[in-house]
Structures are given as structure tokens and as C-alpha cells.
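Reader: Hey, I've got a protein model open and I'm kind of lost. Can we go through it together?
Author: Sure, put it up and ask away.

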Amino acid sequence: MSRWQVTGPQFFGRADEMDRMRARWERAAARSEPQTVLVEGPAGIGKTSLVRHFVGGVGAACSLLQAGGEESEIHLPYGVVAQLLSHAPLPCGSPLRELGGCGHPGAVLPDPLFVGACLIDVLGDMQERTPVLMVIDDAHWADTPSLHALSFALRRLSVDRVLTVIVTREAAHPRLPPGLRRILDDDATLRLPLDGLGITELSALNAALGPEPLPRAALARLRRHTHGNPLHTKALLEQYPADVLAAGTNSLPAPRGYERLIAARLRECAPDTRRLVGAVSIIGMSSPLHVAARVGPVQEPLEAMTEAIGRQLLEEGPPGTLLRAVFPHPLLRAAVYRSVEPAERSRMHTRAVALADNAGTALQHRVRAAIGPDAGLAHELAVFAAQQADEGAWSAAASASLSAARLSVGGAERAQHTLRTVEWLLLAGDVSQATELAEDVRQTAPTAEQHYVLGHLALAAGRLDEARRELIACWDTADVATTTETLRCAAEQLAWLDLIQGNARGIVDWARRGLEMPPGKRSSFLRDSLAIGLALSDDHEQGMACLAHLPDTGPRKTPEQLDGLLGRGMLRLWNGQLGQARSDLRDAAASHRQGGLPYVALVALGFLTDAEYRAGLWDDAVAHGTQAVSLAEDTDQVSILAVVHACAAFPLAGRGDFHMAQVHAAAAAEHAGVLGDVNDMAFALTALAMVHAARSDHDGVISALDPLLAKDIAYRSGLDEVTVVPWRPLLVEALARADRTEEAEEVLAPYERRATERGRWLDQAAAARCRGILESVRGDIRAAEQAFQEGLAHCERGEPCWEEALLRLAHGTFLRRVNKRARAAPELEAARRACHRLRAAPYLERCEAELAACGRVYARPQDARHPQLTAQELTVATFAAQGRTNRQIATELVLSIKTIEYHLRNVYTKLGTSRRGLRDKLAPDRDRPPQD
């Protein structure tokens, strides 16, 4: 018998699905190609049976991690990840050992990125011994933090011996986060939609269940009636005699339902067995046997469990732990739960309260034991929810608050709990669940808090006009009963909305209103918003002044130490303080990622990429841009995807990686279009224009940037503030090169004026370069030369930057074309050195073409320039050249060690070197002397 041949009760057909799954297993196990399999279909179609038999076929050839979602536990943070890791060997001190306590009062909820990174480490360690098979059943009932962590880990498996099987009713199920849905929709994922059993399989099922075989016509009729659903078909075959099912004159009966089928099976069991199975259903999908025996109560638990296993009601849990009773499928648990008489069910829940291992679970048992509204219990739930919210455990807070709403005696209390439930769901990133309660929120009395929650919900869903209307109504209807927390949060959302829509004055106004309120317990974006709004309102100095509370260095753990750090980094970037900007943005990214606001960390990473691009640190820019996009996509941070995609495109365009740069630019435009964000669209169009500029496609640059000339856009956004989005120099040069000098002058003149008014050396240098190009096209040699010299003087008072290389290239080109070759050569050689160091291939080619026209031809040995490394390879190689170990690199980039090893092997092959030689290969090459 093949090790893949499966036997077992009532499992028929699915041969094609089994063959395709085992082929994917072979690719993962033998070729280190991680695979994802999606098994989808309606309840009862046989998804779990298929996967169970597949797992049985693999047997001891793998390390198995398995978990299942449960409807009653969707708000238990990291419940599914904890199930997975219960089968994994975790080292002592591993933070993942504490996941089971995330539902406890006062528990700090880890960031999904952190949990996902730890999961990658676990998978990496396990696959060193055997390939890993990871199964997540009923993923649509899994808790949101687990799904985010799982998505994060799956996207980072590259050369790993891991097969992941995800079982759900449909890939587009609204409970699944967008990041996971993208993985399931990917072409690389094997999608197995299960439909009903065929006639052959039904015949085998009929033979296995009863002595009287049905004729083929009756089986065909039965299949049409049940659509081949194994669960319903099995119920009919077990519950009705053959003459009833075979009779062609009468209509077939409807299935009695899975609950009644299980109830009949339970009635055949001994009383102790019924009580044991019922008690396990009260506790959850599984329970330690001794706990279920006390909840039952059960006199002889071992005998009861033996009978329950024999009747396929329970299974024994994994070895190595206390004896545990486990339901094979959530449907079975649900059917058993509903089969318990209501009075007995309430008594069991009451007994379970004393045995619960944490306060949250005890409260849930009390909720299920309740027979009607209970003001006292609702109050306790509200207190517990508030405690969870104070710790940032938003999912647990929402679950408790929703229970409090349902148990509240008065309508006012119920409304208050519902509003808080929706707010906490939004903070947990569970927009779909919050949306399901939207109608309940609308049914509550129209208070300021109701308007705030509806506005926050609309903003999260991208309905900007509705969001503004509701958030403004929050302020307009505020009264003495309105909490300052509600008003401060509404101001924060309005400031964010104005930032999205480019209304600088609105940003400042709402940020100040929010900051006038007493400070809250969590970090906010109000100080950052105020500083950014002031800078966009032509008051950079006041913007910096409002951030004077921030220390230059030191710990960044409290709101006071973090709030505004991102804003200071962005203002310093726009002011040309590139070194200080990079320091602030690095600190903001690292600190917010560890204990602040995760989305702020990603914004900081995106603008850090921009700062490094401008500073001429392109290896770092490529690394951080790639990381920012990856993390933002993994966590579905839609509002910042446009900026991080655009910034990631900047260095790639400069290096001539046009395909990837255009992919990022197109993604930036798509995401900006979703929210109608003019600033984000400006970033996207600028990224596209950079691709055209690197290709010397002047018409393409003009076409890309033409929408930004609209006055209504410029005055409603940061586009009228120089440096924020660096599009003007690109457009001026393209217009001048296309001999559209008058239009170029119209764009350049206000740019020059504003750069001079602000005294920003970087913008003054870029404006001077553009002036030199424009005057050279007009034929005014003296004015062009003066402009180029002024630009170089501005660079001398600033910091090392990419703009200086562009300026020297433009100046040298001008000098060569006015027959001043002796003066042109040094400028072009300086530009060439910078382009060579940055591996700016398109610009390097221009430098060498101009130098050749000056009579200087450079030898181009085979190894003069590195072969093209992918962005990920370059990132890994850069960290390795800095002396970091593979594990350190894996931790920094949140990848598995096997992926790091894979990329390094590719780097060594492409560069013809070893790890020891990476530093020399990636360091700036020495210029070789020109040849005659």
C-alpha cells in the first residue's frame, strides 16, 4: 500500500484533491518550496475529513502544527496561534509561551508582526529536523490577531520546507483579513473548492452505512436532492430506510439536521458519556478530561471518554500532556452544545466558572449561564473590557463589551457598550466585525459619541465625506455628558482626515483642539499632525517649536517620548537636515514598532526611505523601502501604502530597475485613488516621473506630472510647500529639455522664490540646477553658468546628497556642449564617481557618454559594476557585509534563516565572492584611470 493510500470510516472519493495536495507536499518537503493549500466549501461538505485523511497519509514524515477556529473564541487574542504552538517545541523563555494568557486581565497584547516573526523562527527550527505541515481549520472563525500574525509569517516563507493548509468556507469570507485573502487568491496557492460527492462515492457511502444498497437511479435522485453534501447525505442514509429513499413517487424528506443526528447518537450513550461530551462542549473545542468531569459531573470519566471516542463524538488530544478530550470538528461541538437541555447547560456553565483559568473565561461562562439581562454582570464585563482596553488588548475588550451590551438592562447602557465595542474593534483592525454592528450603532440615540464612532468607522472604510459629516457632528452635539476622550479622539480623526485630503489649516485646527484636551492613556498622532500641519501652512519654525518637548536621544517608551517624533523627522527631512531626519525616523520606526502605534512605525519607515534616497544612501533606501512596503501590505495599512510604495520606487528608478519601480508607482497610484488623497497621488505621480526621468523620457515626465499643475490641487495640499513632494525639479527639467521654456519658467519661478524665502539649501540647489538647464536651453551661457555655480555653493553648505551628483552632471554636460571640455571633465568625473558608488546605471551611462565626448574613455572591466541584485538580495548582502549573523539579519528583516541563506547563496554566485569578500564588493569601487 502506498503511504498516501488512505483508509477510514465514511471517507470516499476526493482522489484528485488528495493527489494535488500530496504533489504540493512533495514540493515543500523535497525541494524547499513553501506551499499554501486552500480547502474551501460550505459546512458539511467534507473539508475537515479531506484534510484529516491527508494528514494521516503524511504520518510521521512531518512535524504537524494544527489549530481550528471557533466562533465563541473569535475575540480570544492569539487563541489559534497558541493552538498551533501547543504542538511545537518552544525554548525556555520564548515569548510565545505566554500567548495562552493574552485573554487574562491586564495582559499586554503583543503586536501581530512580533508574533508572526516568532512563528517564523519556530518554523525555521522545526524544519531543520523534518518538513512542517501546518493546518488551520475553520479559519473564518479564527481570532483576528492570529490571522494577521499568520499572514505575516506566510508571506515571508521563501525557501522553507513548510506546507500550510487553510480550511474555510470561502476565500472571500469577510472574517478573513485582506492580507490573508491576497495570499489565498495568489496564483501560487493551490485552491481546492469542494463540491458534493459523485454517484460512485455515494454508492460506497451507502454500502458502508447500511445493508440495503440503493439503485443507481435512487442515488442520482439523492444526489440531486442533497447536492452531494456528505453531511446531509449521510444523515438521510442513516435516518431513513432504503424503501423511503428509493421510492420514486414521493418527495425525499428534508435532512433532519446535523444537530438532531448528533442528539440521536448521544441518546445511545451512557449518561456519564452524555454528560462528559456536553461538558466538553461547554468548555470549548477541547478540555482536560478532569476539568470536563467536574463540569459534567461525570463519575467515571475514562469509561465515558472511551465510549465517546468509539461513537466518533470525541478524540483524544495530543500525547505528552494531561489527557484531553477534543472535538473532531466545530460543527460537532456546536451540535452537542445545542443538544444539552437549557437548564443543564446553564448549570454546567455555572460550574465551569470556578474552574476557569482566567477572569475573562469565567466571565464568558457567566454570560452563557445567564437567562436574561443582568445589570451586575454587565457592569463587571464593562470593567473587564476597560481593563483590557487600557492594556491595548482591543479584541478582548470588544468581546467583553459586546457581552455587556447584550446583558444590559437599560437602553442607554446597552448603547454605550455597543459604541465602545465598535471603537475597540476598529482599534483592533477588525473593520469587518465593526461594520456588522454599524446598524446597531445607528439605532442608538444620536449623541456625540455615536457620531464619533460612525465617523471613525466611515473613515476606516474610506467613506471620507460621511466620515467628516459624522465627526463634525460629534463636536457640534457635544454636551456635558460627552467625555474629553471622545472629543480628543474625534479631533485626532479629523486631523488625520484633513491630512489625507491636503487641508493644512484643518490639520492645525483639529490637532490643536485635540491637544487642548487632557492627555489620554495611549499614544496619539496629534502632536505629529500639528507639526506637519504647521509646516504645510508655511510655518516650519512653529512646527518645530511644538516638538521642543522631545529629547534628542534616549528611551522612547512613553507617549510623551514618542508623540511628535515622526513629525520632527519629517520636518527635518523637508528642511534638508538629512542626518537628523534619518535619526528621528529610525527611532520613530523602531520605538513605535516595539510599543507605540504600529501604523506610525510604517509611516516613519517610508519617509526614512525618502531621506536615504535624497542623502545618496541607496542601499539603505532600497532595504527600508522594501521592508516598509512588505510590512504595510502584511498589516493592511491601506492609508499609508501609497507613500511607502512611492518612496520604495525612488532608488529603484535611479538604479534603472524600471520594472519594479513602475510596479511600486502603479501600486501607489491605485492606493491613493482609493482614498482620493491628493498628496498620496502626488507621491505616486512623482515616482512614475522619476522612472521616465531616468530613461530620459521628457514627454513621459510631463505627462505624469501635468495633473499636479492644477491650482485647486496645489492650494488644497502640501504640493504648494516645497520639498514635501519633490516633483517640481523633475517637471522643470523635462519642460526645458522639451523646449517648452515658457511653461518651465512658470513652474520654476515660484519654486525658486519659496526655496529662497525658506532658506532651504537642498531646494535652492535643485532650483539652481533647473535654472541652469533652462538658461542653457535659452542660450544664455552667462546666466546658466551663474546658476550652476550657485547650486554648487548651496551644496557646499549642506550635507552629502544625490542632488549634488545631478547638479555636477548637468553642469558638466552644459560645459561640454559649449566647448569647455577641460572644465567639463572634472564635473563629469565627480558625477560619475557618485553614480558609480550608487550603482545609478542610467545616470552613469550619461556621465560616461559625456566624458567620451570630452575624449576620456573609461575601461569597463567585467566586474566594474555589480550584476543586478534583486532588492531583497541587496538588502541581505548589505547587512551581511556589516558583519551581522544570518539570525540577526533574519530578525531585522523578519524572514526565516533559510530564506537569508538562499539569498546569500545567490549573492555569492552573482558577485563571485564569499561572505568575507562582500564588504569589498559592496563598498564604493575606486575609479580606474581613464584610457586614451
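Reader: Let me start with one residue I clicked on. Is His692 buried or exposed?
Author: Keep in mind that this is a predicted model. In it, His692 is buried, because its relative accessible area is 14% and the cut-off for buried is under 20%.

Reader: OK! Which helix is His692 in?
Author: His692 lies in helix H36.

Reader: And what does His692 touch?
Author: Leaving aside residues up to four places away in sequence, His692 touches Asp697, Gly700, Val701 and Ala704. Gly700, Val701 and Ala704 are buried residues of helix H37, which covers residues 698–705.

Reader: Which other residues of H37 are buried?
Author: Ile702 and Leu705 are buried there too.

Reader: What covers the buried residues of H37?
Author: The cover includes helix H36 (678–694) and helix H39 (728–737).

Reader: Let me zoom out. How many helices and strands does the chain have?
Author: There are 49 helices and eight strands in the protein chain.

Reader: Whoa. What share of the residues is buried?
Author: Of the 932 residues in the chain, 57% are buried.

Reader: And how much surface does the chain expose?
Author: About 38,400 Å², with carbon and sulfur atoms supplying 51% of it.

Reader: What about contacts between residues far apart in sequence, what's their share?
Author: Take the contacts between residues at least 6 apart in sequence: 66% of them join residues at least 24 apart.

Reader: Back to the inside. How many residues are in the largest nonpolar core?
Author: That core has 185 residues. The ones with the most contacts inside it are Leu566, Trp574, Leu705, Trp802 and Tyr843. Helix H34, residues 638–654, gives the most to this core, with eleven residues.

Reader: Is there a second core, or what else should I look for? Which residues would be in it?
Author: There is a second, separate core of 37 residues, and Leu84, Leu85, Val162 and Leu184 are among them.

Reader: Why would nonpolar residues end up in groups like that?
Author: As a general tendency, nonpolar side chains in soluble globular proteins are buried together.

Reader: Let's go back to Tyr843. What does it touch?
Author: Not counting residues up to four places away in sequence, Tyr843 touches Gly654, Ala693, Ala694, Trp802, Leu806, Leu809 and Cys835.

Reader: I see Trp802 in that list. Which helix pairing is Trp802 part of?
Author: Trp802 is in H43, and it is one of the residues there that meet H44. Others in H43 include Ala805, Leu809 and Leu815, while the H44 side includes Ala831, Cys835 and Leu838.

Reader: At what angle do H43 and H44 pack?
Author: Helix H43 (residues 802–817) and helix H44 (residues 821–838) pack at about 150°, with their axes 8 Å apart. That angle makes H43 roughly antiparallel to H44. Their crossing is left-handed.

Reader: Can I get another pair to compare? How do H5 and H6 cross?
Author: The axes of H5 and helix H6 (residues 178–185) come within 8 Å and cross at roughly 45°. That makes H5 oblique to H6. This crossing is left-handed. Leu147, Ser151 and Leu154 of H5 make the contact with Gly179, Leu180 and Ile183 of H6.

Reader: New topic: backbone oddities. What's going on with the peptide bond from Gly296 to Pro297?
Author: That bond is cis, with omega near -15°. Pro297 lies in the loop between helix H13 (289–295) and helix H14 (301–310).

Reader: And Asp138, what is its phi?
Author: Asp138 has a positive phi of about 50°, although it is not a glycine. You'll find Asp138 in the loop between strand E3 (132–137) and helix H5 (144–154).

Reader: Is Asp138 buried or exposed?
Author: Asp138 counts as buried, at 5% relative accessibility.

Reader: How about Asp739, where is that one?
Author: Asp739 lies in the loop between H39 and helix H40 (741–758). Its phi is positive as well, about 65°, and Asp739 is not a glycine. At 55% relative accessibility, though, Asp739 counts as exposed.

Note on methods:
Residues numbered from 1 in each chain as written. Predicted model: local features only at pLDDT ≥ 70, side-chain atom pairs only at ≥ 80, totals over all residues. Heavy atoms only, no water. Core = buried A, V, L, I, M, F, W, Y, C linked by side-chain atoms within 4.5 Å. Buried < 20%, exposed > 50% of the residue type's maximum accessible area, 1.4 Å probe, protein only. Helix = DSSP H or I, 4+ residues; strand = E, 2+ residues; numbered from the N terminus. Contact = heavy atoms within 4.5 Å. Areas by Shrake-Rupley, 256 points an atom, 1.4 Å probe, with all protein chains shown as cover. Axes fitted to C-alpha atoms, helices over the stretch in contact; angles between N-to-C directions. Parallel < 35°, antiparallel > 145°, perpendicular 65-115°, else oblique. Left-handed = near helix turned anticlockwise from the far one by under 90°.
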